Amino acid sequence: KQWYQRRVAITAGIKGELYAKILTDEALWHLEDNAVVLSLEKFNKVEWWGCIIKGDEEISTKKVQPENSKLGDLDGETRSMVEKMMYDQRQKAAGLPSSDDQKKEDTMKKFMEQHPEMDFSKCKWG
């Protein structure tokens with residue numbers, strides 16, 4: 001048996017700019033029933049796309065019912081992001097500062113403790 005390697009240019013018929021950024025290193029394609037099937041991974045995994053190509057007719061993503069999933073099913077980065085969002089949502093409902101606001105407040109407190117010679121009494125916060 002002899003194997004021959006040949007380069008073939010494939011035009012997938014995509015004209016235009018993608019709706020948002022993708023992870024190009026994760027993009028895959030394969031042939032299926034004489035069609036090119038593309039698999040694209042979104043850069044921002046939690047963002048819902050209304051279409052694939054900018055300018056195409058958009059679907060209403062508000063009508064999409066996402067599957068229920070357990071936090072344990074998510075990868076570490078996504079799980080951490082979801083937990084932070086849940087925490088911030090609980091904080092907001094309780095009238096308390098978000099994790100980002102808390103972090104800023106803690107940083108400022110630490111700075112004030114490290115610089116007792118400075119007068120912060122006339123500073124406006126928030």
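How many helices and strands does the protein have? Let's count them and then take a walk through the model.

1. **The parts list.** The answer is 2 helices and 2 strands. Start at the N terminus and you meet them in the order β-β-α-α. Two of the elements are strand β1, covering 28–32, and strand β2, covering 35–39. After those come helix α1, residues 76–93, and helix α2, residues 99–114.

2. **How far to trust it.** Keep in mind that this is a predicted model. The average pLDDT of the protein is 82, and 87% of the residues score at least 70. Element by element, confidence is lowest in β2, with a mean of 83, and highest in α2, at 91.

3. **Inside versus outside.** The protein has 126 residues, and 9% of them count as buried. Its accessible surface adds up to about 12,000 Å², with 51% of that belonging to carbon and sulfur atoms. As for contacts between residues at least 6 apart in sequence, 33% join residues at least 24 apart.

4. **A nonpolar patch on the surface.** Look for I14, W29, L31, V36, L38 and L40: together they make a nonpolar surface patch of about 550 Å². Both strands chip in here, since β1 and β2 each supply at least two residues of the patch. Take L31 as an example, which sits in strand β1. Is L31 buried or exposed? L31 counts as exposed because its relative accessibility is 57%, and the cut-off for exposed is over 50%.

5. **A salt bridge along helix α1.** The structure holds 5 salt bridges, and one of them pairs R79 with E83. Their closest N and O atoms are 3.1 Å apart. Why are these two about one helical turn apart? Because R79 and E83 are 4 residues apart in helix α1. The two partners also come out alike in exposure: R79 is partly exposed at 34% relative accessibility, and E83 is partly exposed with a relative accessible area of 34%.

6. **K84 and its partner in the helix.** Further along, the side chains of K84 and D88 meet in another salt bridge, at 3.3 Å from N to O. Here too the residues are 4 apart in helix α1, so about one helical turn separates them. Their exposure is worth checking on the model: K84 is partly exposed, with a relative accessible area of 36%, whereas D88 counts as buried at 17%. The reason D88 gets that label is that 17% falls under the 20% cut-off for buried.

7. **A link between the helices.** Which residue outside that pair also forms a salt bridge with K84? It is D100, and the closest N and O atoms are 3.4 Å apart. D100 lies in helix α2 and K84 in helix α1, so this pair ties together parts that are 16 residues apart in sequence. D100 itself is partly exposed, with a relative accessible area of 40%.

8. **Putting the charges together.** Find K84, D88 and D100 in the viewer as a group, as they are linked in a network of salt bridges. K84 is the residue to start from: K84 bridges to D88 and to D100. The first of those bridges stays within helix α1, while the second runs between α1 and α2.

Technical notes: Residues numbered from 1 in each chain as written. Predicted model: local features only at pLDDT ≥ 70, side-chain atom pairs only at ≥ 80, totals over all residues. Heavy atoms only, no water. Patch = residues over 30% accessible without salt bridge, like charges linked within 9 Å, V, L, I, M, F, W, Y side chains within 5 Å. Areas by Shrake-Rupley, 256 points an atom, 1.4 Å probe, with all protein chains shown as cover. Salt bridge = Lys/Arg side-chain N within 4 Å of Asp/Glu carboxyl O. Buried < 20%, exposed > 50% of the residue type's maximum accessible area, 1.4 Å probe, protein only. Contact = heavy atoms within 4.5 Å. pLDDT = per-residue confidence, 0-100.
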